[in-house]
Amino acid sequence: MAAITSQPVVSAKFPGWIAPLVFLVFAFGIVPFIGSSYLIEALLLPFLALSLAGVGVNLLTGYAGQVSLGSAAFMAVGAFAAFNFNLRVEGLPLLVSIALAGGIAAAVGIVFGLPSLRLRGFYLAVSTLAAQFFVQWALTKFGWFSNDNPSGVIDAPKLTIAGIDFDSSTGRYYFALVVVTALTFFAWRVASSQTGRNFIAIRDNETAARIIGVPVLRTKLLAFALSSFIIGVAGVLWAFAYLRTVEPAGFNLDRSFQILFIVIIGGLATIRGAFLGAALMVVFPVVLSRVGSFLLGDLFDSGVLDMSQRIVIGALIIAFLILEPDGLAALGRRLTGRFRPNTPEPVG
């Protein structure tokens with residue numbers, strides 16, 4: 001009788017680039033044609049801007065381990081810098097204005113990242129609050145930043161690139177989507193390079209990283225610079241593509257905490273976690289508003305909505321920290337791993 005050979009079960013595994021490619025095809029080729037103006041204006045544009053800000057914060061906090069509570073300040077720097085470049089430099093292309101604004105945000109990030117050379121953890125987080133308060137004070141105090149508007153409000157310029165008008169809701173969606181895709185790919189390349197490995201080494205054990213030859217001081221400042229650049233561009237998208245008009249109060253401490261919550265809920269040290277966390281933070285208030293209005297009617301006003309949102313988000317953060325510290329990204333990996341089909345592969 002022939003011997004019965006064992007057939008171990010091997011999981012069918014798809015290449016890692018398949019899922020992002022499918023999402024990009026859907027986002028570029030399907031969403032603009034089936035999505036309503038409300039979907040684009042109220043959900044997709046803030047989702048894209050906050051996702052990009054989450055990517056920047058995750059690069060700094062998730063990968064490099066440098067906690068920052070001033071991310072909204074760098075969004076404000078990017079938005080107001082792009083506004084002034086576009087206003088004061090005649091003939092400067094919009095994309096160049098955005099790139100220069102990101103560079104200004106990176107420079108400000110390096111300045112406020114200097115305390116990281118001496119401080120860590122909670123003390124570093126508190127020191128980054130200086131950026132939040134200082135930037136908001138400067139934008140309010142000096143009218144030059146807002147072109148001497150008494151209220152400090154800036155209006156977005158017309159989104160025109162190479163003669164192509166992107167001022168419609170669909171155009172602004174495509175504009176934001178292209179920028180977010182490009183910078184997310186850039187962040188992924190950084191995270192998967194030697195620089196990203198240096199970030200992780202410093203996050204895990206700064207002393208050991210210094211012993212094995214990682215340039216700790218330079219790497220920390222680089223993390224602040226890259227993160228602030230991405231967050232600054234996210235601020236441009238928030239002001240130019242989403243709100244179309246913005247004031248310094250729109251980049252307050254609540255916005256910084258919102259971005260930090262996106263990273264915590266989505267998952268630290270993962271690029272897709274920023275998108276998962278932003279999706280929850282953007283969609284959740286809409287769902288809560290609809291459900292609350294259906295159950296409570298007129299009693300569920302904007303004040304109750306805001307308070308309910310804060311309570312539930314706080315409860316979600318506590319639940320994730322206890323039950324799933326790695327966030328929605330890890331939960332998604334676990335679920336897809338559980339339901340992934342297994343295919344037998346004969347051996348021998």
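1. The protein chain of this predicted model exposes about 17,900 Å², and carbon and sulfur atoms supply 68% of that area. Of the 348 residues in the chain, 44% count as buried.

2. The secondary structure of the protein chain amounts to 14 helices and six strands. When contacts between residues at least 6 apart in sequence are considered, 78% of them join residues at least 24 apart.

3. Helix H4, which covers residues 71-88, may serve a new reader as a place to look in more detail. H4 has 18 residues and reaches 26 Å from its first C-alpha to its last, which is close to the 26 Å expected at 1.5 Å a residue. This helix is mostly covered, since 14 of its 18 residues are buried.

4. Asn84 is found in H4, and with a relative accessible area of 8% it counts as buried because that value is under 20%.

5. Which backbone oxygens does the side chain of Asn84 approach? One is the backbone oxygen of Phe80, which the side chain of Asn84 reaches at 2.8 Å. Another is the backbone oxygen of Phe145, which lies 2.8 Å from a polar atom of the side chain of Asn84.

6. If its neighbours within four places in sequence are left aside, Asn84 is in contact with Val89, Trp144 and Phe145. Phe145 therefore appears twice in the account of this buried residue, once in the list of contacts and once through its backbone oxygen, at 2.8 Å from a polar atom of the Asn84 side chain.

Key: Residues are numbered from 1 along each chain as its sequence is written. This is a predicted model: local features need pLDDT of at least 70, side-chain atom pairs count only at pLDDT 80 or more; totals for chains, interfaces and linings use all residues. Side-chain values use heavy atoms; hydrogens and water are left out. Helices (H or I, at least four residues) and strands (E, at least two) are DSSP runs, numbered from the N terminus. Buried means under 20% relative accessible area, exposed over 50%, partly exposed in between (1.4 Å probe, protein chains only). A polar contact is a pair of N or O atoms within 3.5 Å; within protein, one must be able to donate a hydrogen and the other to accept it, and residues adjacent in sequence count only if both atoms are side-chain atoms. Contact means heavy atoms within 4.5 Å. The expected span of a helix is 1.5 Å times one less than its number of residues. Accessible areas come from the Shrake-Rupley method with a 1.4 Å probe; for residues, only the protein chains shown count as cover.
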